[in-house]
Amino acid sequence: MCGIAGIYAYKTNRPVTAERIKSMTDVMAYRGPDADGVFIEENLGLGHRRLSILDVHSRSTQPMASPCGKYHICFNGEVYNYLELRQSLATAEYRTSSDTEVMLHALMQKGLSAVQDFNGMFAFAYWDSTTKELYLVRDRLGIKPLYYVETEDGIVFASEIESLLKGLNKRPSLNRTMVPTYLRMGYVPGEQTMMQEVKRLLPGHWMKVHPSFGIKIEKYWDLTFQRSLNNNHHKKSEPELLEELRYLMLDATKLQLRSDVPLGVFLSGGVDSSAVVAMMHQLGIEKKSTFSVAWDLGPEFDETRYAREVAQQFNAEHHEYWMSARDFVDFLPQWIRHMGEPVTEAAAVSLYYIAQKARQDVTVVLSGEGADEVFGGYPIYAYFQWLHRYANLPVAVRALLDPCISALGPKWRKYVDISRQSLRSSYSGVSFYPESEVDWLLTPQARAEFTSNKHNAHYFLNQCYDVVQKEDIQTQMQYVDVKSWLVDDLLIKADRMSMAASLELRVPFLDHRLMEWAAALPSSYRLKNGETKYLLKKALEPWLPRSVLYRKKQGFPTPLKVLFRGELSNWVRDLLLSSKCLNRGFFDSVKIEQMLLEHQNKKRDWHRVLWLLTVFELWNQNYLDN
């Protein structure tokens, strides 16, 4: 696990200096505190920071050159099946025992098609000095990040935005067309970012860069759901499917346990992280270190009893940490800087906290990200199915019921509003913000601007819906979440917060073989009779207690509602009503004052919207105002 950066001035042939590349890697030294390296070849520069996981010897320092010196690789991530690949490339001569060298030889022998053989998380640059072609590749599901900017000289790329900025001659500007998307989703999905010039290489894509044609981007993988996939899942019995699922989960976990440094598990006490511990036990791993974090604000924000139960069942060495409101406030500035993008994933602050604690004992942790998206783990999938049925009631019945339901309060009125819209108009991800909750805060000028560019803002989501438009509602929602919420919220959080603590985080449920298998399941195996993750839970019944498997989903709730009425009350008021914030011209000061007052007086819970605006303002101050 590392950080990469580079510049290729293919347009102007301007020489790239080692100092410029080193400035890009130094700013993210926490991603790789064990070693650093720079490779310069005239108008190309590659930089690397190394967190040593496999073959910790200095011989595996990057950028790594081929024996002939014609090819170089600069790699962030892990390819877990490197031992199997190494055997298949028997003619190669190896100088290390690292996965990086195996990747290099595979690329030399097979070209970019070798990527199809890689099982892991990765973002890498591969340089062919004979053809002067640069290749940038990102893993199938976007576990590892890769940002880039097209400049007047060529291209600048990096693992993190702050590193990218060090390679640019001028600071990027605000991408105003993406502001309404952020206000609807709490993050910016797809290729675009909140910075006008900064883009992401999408998951499952690679980029080719050469002076003769510039930049070419191609998709090499996508997650294909049931109808479009030629599979025989429908013909198999439930016991057969359970057997296959257990095999895939265990094999994915087995591969991701490969490490030359200490390893542990982030254990929340929920189904997915508990499953990781259970699978380690099934694989015969005797020494297991588990790490949990909770708030010291009462049982509503505490899952430690479930984590403790799982840890005791599997005889794990369990570590519990407690986070206070003061900790949350103190971590905010660092959190904003490390995230690089405005993302309203408040649990990321807690993850940053526990990552720093866990790093005292281990260098690698496993976690349960990804299971909810592909196995149908979010209750909102069931809610939208119910809303769809309600939307199809006769008009006369709706005319009678709508006023009655709306009268129950804002939450119920929101559901009525959603039922009147199409799925692609109403659902933009697990954490979506209904337009009615945010639009009323906008100034007239901002509302007019956002209305005029709404098509551009929602372009990526519409592309996702186009792919699965013939599928059922649940499948459409899951595909959108895999392509947006998972990649640009959860995985950004996982990568930035673990790497900020120099900790590698691995995600067994995002093994692409397991994801492909689960996506091919009929929807009824993902959500059955209101039970989320039905088949996954059935598969885990022999290993985990029902008190863990079938309890109400809690996630990791952050007490923002409490904080915005307590420790953060005056702070958030000063922030959102400051001249700096209001002069951006997006939000009406009178409306913000009203929202703050209603929340403080407990007339309405506005914590989600307050956090949405807070993150946006803090990000602007950190990345655009300086």
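Trainee: What is the relative accessible area of Asp417?

Mentor: This is a predicted model, in which local features need pLDDT of at least 70, side-chain atom pairs count only at pLDDT 80 or more, and totals for chains, interfaces and linings use all residues. Residues are numbered from 1 along each chain as its sequence is written, and side-chain values use heavy atoms, with hydrogens and water left out. Buried means under 20% relative accessible area, exposed means over 50%, and partly exposed lies in between, with a 1.4 Å probe and protein chains only. Asp417 counts as partly exposed because its relative accessible area is 27%.

Trainee: Which side chain meets that of Asp417 in a salt bridge?

Mentor: A salt bridge is a side-chain nitrogen of Lys or Arg within 4 Å of a carboxyl oxygen of Asp or Glu, and the structure holds 39 of these salt bridges. For Asp417 the N to O distance is 3.5 Å, and the partner is Arg420.

Trainee: Is Arg420 buried or exposed?

Mentor: The relative accessible area of Arg420 is 53%. Because the limit for this class is over 50%, Arg420 is exposed.

Trainee: How many residues apart are Glu449 and Arg176, which link distant parts of the chain?

Mentor: Glu449 forms a salt bridge with Arg176, with the closest N and O atoms 2.9 Å apart. Helices (H or I, at least four residues) and strands (E, at least two) are DSSP runs, numbered from the N terminus. Glu449 lies in helix 17 (residues 444-452), while Arg176 lies in the loop between helix 4 (161-166) and helix 5 (179-185), and the separation in the chain is 273 residues.

Trainee: Are Lys533 and Asp272 buried or exposed?

Mentor: The side chains of Lys533 and Asp272 meet in a salt bridge of 2.8 Å, N to O. Lys533 is in the loop between strand 19 (531-532) and helix 24 (534-540), and Asp272 is in helix 7 (residues 271-282), 261 residues apart. Both residues of this pair are buried.

Trainee: Which residues have the most contacts inside the largest nonpolar core?

Mentor: A nonpolar core is a set of buried Ala, Val, Leu, Ile, Met, Phe, Trp, Tyr and Cys residues joined through side-chain atoms within 4.5 Å. The largest one has 200 residues, and those with the most contacts inside it are Phe118 and Phe124.

Trainee: Which helix gives the most to this core?

Mentor: The contribution is counted in residues, and the top one is ten residues. It comes from residues 607-623, that is, from helix 30.

Trainee: Which strands stand at the edges of the open sheet of six strands?

Mentor: Two strands pair if DSSP finds at least two bridges between them. The open sheet has the order 2-3-1-9-8-10, with antiparallel pairing. Each edge strand has a single partner strand, so one side of each is left without a neighbour in the sheet, and these are strand 2 and strand 10.

Trainee: Which residue of strand 3 is the bridge partner of Phe39?

Mentor: Strand 2 (residues 35-41) has alternating side chains, with Ala35, Gly37, Phe39 and Glu41 buried on one face, while Asp36, Val38 and Ile40 point to the other and are not buried. Strand 2 pairs with strand 3 (residues 44-50) in the antiparallel sense over seven bridges. The bridge partner of Gly37 in strand 3 is His48, and that of Phe39 is Leu46.
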